[in-house]
Amino acid sequence: SDGAGGAARSEEEMRKVMEQHKSSIFSIYNRALRDNAALQGKVKFKIVIDPSGQVVEVSIEFSELKDPALVSKLKSISFPSAAVLRTTFYQTLDFLPQ
């Protein structure tokens with residue numbers, strides 16, 4: 001917990017950034033469907049964002065799929081820099097074939 005301020009990032013801000021990156025996350029899933037058409041399920045990610053906005057840790061808390069490329073993609077997301085503490089955020093995504 002090292003930040004210039006005493007507050008954490010707002011959940012609304014974090015969800016907004018995740019929404020902006022949703023299409024690229026789901027494009028990885030859609031590519032994986034080519035190899036396994038039955039691939040589907042929920043994944044709950046733990047994402048740690050540092051005050052600079054960099055994602056410093058991503059881990060899977062729960063997964064019905066096994067796809068390490070999704071974790072790699074989440075590590076490349078960046079959030080706005082802010083005077084906040086390091087923030088842990090949980091995101092659950094449902095991956096279902098269209």
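In this predicted model, Phe45 sits opposite Gln91 of strand 3. That pairing belongs to a longer run: strands 1 and 3 go together in the antiparallel sense, with nine bridges between them. Setting aside neighbours within four places in sequence, Phe45 picks up quite a list of contacts, including Val58, Ile60, Leu70, Val71, Leu74, Phe89, Gln91 and Leu93.

Phe45 also turns up in the largest nonpolar core, a set of 25 residues, where Met18, Ile25, Phe45, Ile77, Phe79 and Phe95 touch the most other members. Helix 1 (11-35), strand 1 (41-49), strand 2 (55-63), helix 2 (68-75) and strand 3 (87-95) each chip in at least two residues. The top contributor is helix 1, with nine.

Then there is Gln91, on the other side of the pairing. Strand 3 has two faces: Thr87, Phe89, Gln91, Leu93 and Phe95 make up the covered one, while Thr88, Tyr90, Thr92 and Asp94 line the uncovered one. Gln91 counts as buried because its relative accessibility comes out at 9%, below the 20% cut-off.

What does the side chain of Gln91 join up with through a polar contact? The partner is the side chain of Arg15, at 3.4 Å. Beyond four places in sequence, the contacts of Gln91 are Arg15, Met18, Val43, Lys44, Phe45 and Ile47. Val58, a contact of Phe45, isn't on that list; the C-alpha atoms of Gln91 and Val58 are 11 Å apart, with 33 residues separating the two in sequence.

Conventions: Residues are numbered from 1 along each chain as its sequence is written. This is a predicted model: local features need pLDDT of at least 70, side-chain atom pairs count only at pLDDT 80 or more; totals for chains, interfaces and linings use all residues. Side-chain values use heavy atoms; hydrogens and water are left out. A nonpolar core is a set of buried Ala, Val, Leu, Ile, Met, Phe, Trp, Tyr and Cys residues joined through side-chain atoms within 4.5 Å. Buried means under 20% relative accessible area, exposed over 50%, partly exposed in between (1.4 Å probe, protein chains only). Helices (H or I, at least four residues) and strands (E, at least two) are DSSP runs, numbered from the N terminus. Contact means heavy atoms within 4.5 Å. A polar contact is a pair of N or O atoms within 3.5 Å; within protein, one must be able to donate a hydrogen and the other to accept it, and residues adjacent in sequence count only if both atoms are side-chain atoms. Two strands pair if DSSP finds at least two bridges between them.
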